[in-house]
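Welcome to a short tour of a protein model. Take a moment to turn the structure around on your screen before reading on.

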Amino acid sequence: MDALPALLDGFAAAAQPENLLWALVGVMLGTFVGVLPGIGPAMTLALLLPLTYSLDPAPALILFAGIYYGGMYGGSTTSILLNAPGESSSVMTAIEGNKMARAGRGAQALATAAIGSFVAGTIATVLLIFTAPAMASFAVSLKAQDYFAITLLSFVAVSTVLGSSPVRGLAALALGLTLGLIGIDALTGQQRLTFGVDSLSTGIDTVVVAVALFAVGEALWIAAHLRQAPAEVMSSSTPWMNRSDWRRSWPAWLRGTALGFPFGALPAGGAEMPTFLSYSLEKKLTRHPEEFGHGAIEGVAGPEAANNASAAGTLVTLLALGIPTTATAAVMLSAFQRYDLQPGPQLFENTPDVVWALLASLLIGNVMLLVLNLPLAPLWARLLKLPRPYLYSGILFFSILGSFSVNQNPTDILVLVVLGLLGFLMRRYGLPVVPTVIGVILGPTSEGKLRQALQVSNGDWSTLWATGFAITVYVVIVALLTLAVVRAVAAKRTSLVDSAEAPEREHAGV
Amino acid sequence: MEQLTAAGPDASGPHASRRAGLSEFGVVGLLAGLGVLVLVETQQITDGIGTVRTLSPRVVPYFVAGFLLVVSVLLALDIVRGGRGEQESGEDVDLTHGTEWRTLLGLAALVAGSGQLIPLIGFPAAGALLFFGTTRLLGSHRIVLDLVVSIVVPLVAFLVFTEGLGIYLPLAGA
């Protein structure tokens, strides 16, 4: 294990004044945008990605790492003070966090979220540093059919495990796979679904897809249903915690980290599951069960730590296998690809300097966040009162700015609008957006691996289940699909029972 | 725009839930329509080079088309059995009123239009038009402040991107 010297080199690179400055800029900008209501970490990344276009790979990824952690931190502030989780992973934080803020304990909620994020982020990043290279050297032994199986697992997991309706998750995935087909086929040079439009032949840029579905879709959806009365913002003083808050928080942080990291590192990752499990666990273990539902600090500390640890866990799969399992990781992958860096087993061997500088700056960014954001929290909180017309105009403006600066092509803006309207429609009819984004990005990867496998086997399809690893993955996929069917049937039962009172809604599981 | 008409109005009244249910089939139509489109388009793809020993460029599109059709059937079954898409909620979202089509279509038109204007009148001007238009459409009534914000934000963003980060954006029309 020569992670340590490599990491020290990484620190040396990341600690250069210029790179430190980029990390600082990233953390501030990420927090600034992440705090804005309705903007989750994935949208923050997609909107700010263009900022990195003119930089060298190392500073660009350092800036990006700062934006990433800043966006996550900003999101928790919004959840707590406004009860507006920007992403499904901070829904659990919002439950108890907003109750605490309403009970006048907003400062403590913000403190346990910030310090918990720091603790979990640091531990999980250290775990990432030691597991990712090991995972990468294991991944070298994986064959194309194994990768193909993993991509299928990601598809199934992201569309059926999360969200309230598996069939709508699959529909969203199908839309994404379709969008992913557009463009010239890499191997054969054939145009697919381009309808003779020139600018479609290079495919739809991932940034445009992400910005359209997340930012434009969200802005259009909210604008068409804008609440007239201003939202209620809880105020907060500088975050601090007393002795009892500390005593109740730290075990929850550690448990949250222990749940979050492995779930994030699984190719079936995402932060929804571990944050939910962490919340239930804390509710079960607490000595103050009466406080749950009225603002229990453990209920903020655990899920928020799980959320951050899981985010670092997703980076294991992203860096070592090259497979994004969350929307945030998907946007990150497109950032890597922009610099011709291909995440995967070879990444650590081919471009160690960039990777280790990135890992080191994740640790540095975490410290910066803590130092800056505890004192700055009241300032960030004032952003929540931004008049809504300016907020949503701003989101649309920066969507155009980002999409236009990708290729300087006005046609991209038309694609942005069409996909933005698709995003609107998906929000109206309960289709989750994340499977679509994963489908667009991972679809072509999946096809490439399938081709590689068939090339080696001379077109013999049985090669797909020729390895033990692939078979194991397929078993997991079948298990997930079975679970989804069972859930769908169970949901129907309950909705039949409920239908006398509330015919229009159905909640299936988490 | 076909999707939009399919979405239908969010009527309130005794028949609201039945009509909202009907519009759910718009999504089924979208998926099925896309499935057929992909199917038809795929038939026109030729093999090209390099497919002798590996996968033809048609295989995965055919699979995706089949997947779209299967999912559209599953979704239709789900809706028939009473399943409904859960509308996204949020702090700024008020679902008790119907969709404001004027705002929605106006915003979409503004984004599309100002995007096309960028090469003609430059980024700062197109951005200011977009910002001012969307702000007014979203119900802001402080005209002076709106004007100032609409001019300052795009200009600052333009300077940061071009001068600070070295990313090209057109200043004036070509």
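Helices and strands are DSSP runs, where a helix (H or I) has at least four residues and a strand (E) at least two, and they are numbered from the N terminus. Keep in mind as you read that this is a predicted model.

**Chain B**

By that definition, chain B has 6 helices and 0 strands. Read from the N terminus, its elements follow the order α-α-α-α-α-α. Of the 174 residues in chain B, 34% are buried. Among contacts in chain B with a separation of 6 or more, 54% join residues 24 or more positions apart.

**Two helices of chain A**

Now let us look at a pair of helices in chain A.

| Helix of chain A | Residues | End-to-end C-alpha distance | Expected span | Buried residues |
|---|---|---|---|---|
| α7 | 144-161 (18 residues) | 25 Å | 26 Å | 18 of 18 |
| α12 | 298-321 (24 residues) | 34 Å | 34 Å | 24 of 24 |

How far apart should the end C-alpha atoms of α12(A) be at 1.5 Å a residue? Its 24 residues should span 34 Å, and the end atoms are 34 Å apart, which agrees. Because 24 of its 24 residues are buried, α12(A) is largely enclosed by the rest of the structure. Helix α7(A) reaches 25 Å, close to the expected 26 Å, and is mostly covered.

Look just past the end of each helix, too. A:G322 comes just after α12(A) and takes a positive phi of about 75 degrees. Just after α7(A), A:G163 has a positive phi of about 80 degrees.

**Two domains in chain A**

Chain A is divided into domain 1, residues 3-466, and domain 2, residues 469-510. Their C-alpha centres lie 26 Å apart. Where the two domains touch, 18 residues of domain 1 are in contact with 15 residues of domain 2. On the domain 1 side, the elements giving two or more residues are α7 and α8 (166-181) of chain A. Here we meet α7(A) again, as it gives the most to that side, with 10 residues. By class, the domain 1 side has 13 nonpolar, 4 polar and 1 charged residues.

**The nonpolar core**

Which residues have the most contacts inside the largest nonpolar core? This core has 222 residues, and the ones with the most contacts inside it are A:A46, A:A171, A:V211, A:L220, A:V437 and B:V111. Its largest share, 17 residues, comes from helix α6 (residues 106-139) of chain A. To see one of these core residues in place, find A:V437: leaving aside residues up to four places away in sequence, A:V437 touches A:G176, A:V209, A:A210, A:L213, A:A327 and A:A330.

Conventions: Residues are numbered from 1 along each chain as its sequence is written. Chains are lettered from A and ligands numbered from 1 in the order in which they are written. This is a predicted model: local features need pLDDT of at least 70, side-chain atom pairs count only at pLDDT 80 or more; totals for chains, interfaces and linings use all residues. A nonpolar core is a set of buried Ala, Val, Leu, Ile, Met, Phe, Trp, Tyr and Cys residues joined through C-beta atoms within 7 Å. A residue is buried if 20 or more other C-beta atoms lie within 10 Å of its own, exposed if 12 or fewer, and partly exposed in between; C-beta atoms are placed from the backbone. Two residues are in contact if their C-beta atoms, placed from the backbone, lie within 7 Å. The expected span of a helix is 1.5 Å times one less than its number of residues. Domain bounds come from an automatic or database domain assignment. Ala, Val, Leu, Ile, Met, Phe, Trp, Tyr, Cys and Pro count as nonpolar, Asp, Glu, Lys and Arg as charged, and the others, Gly among them, as polar.
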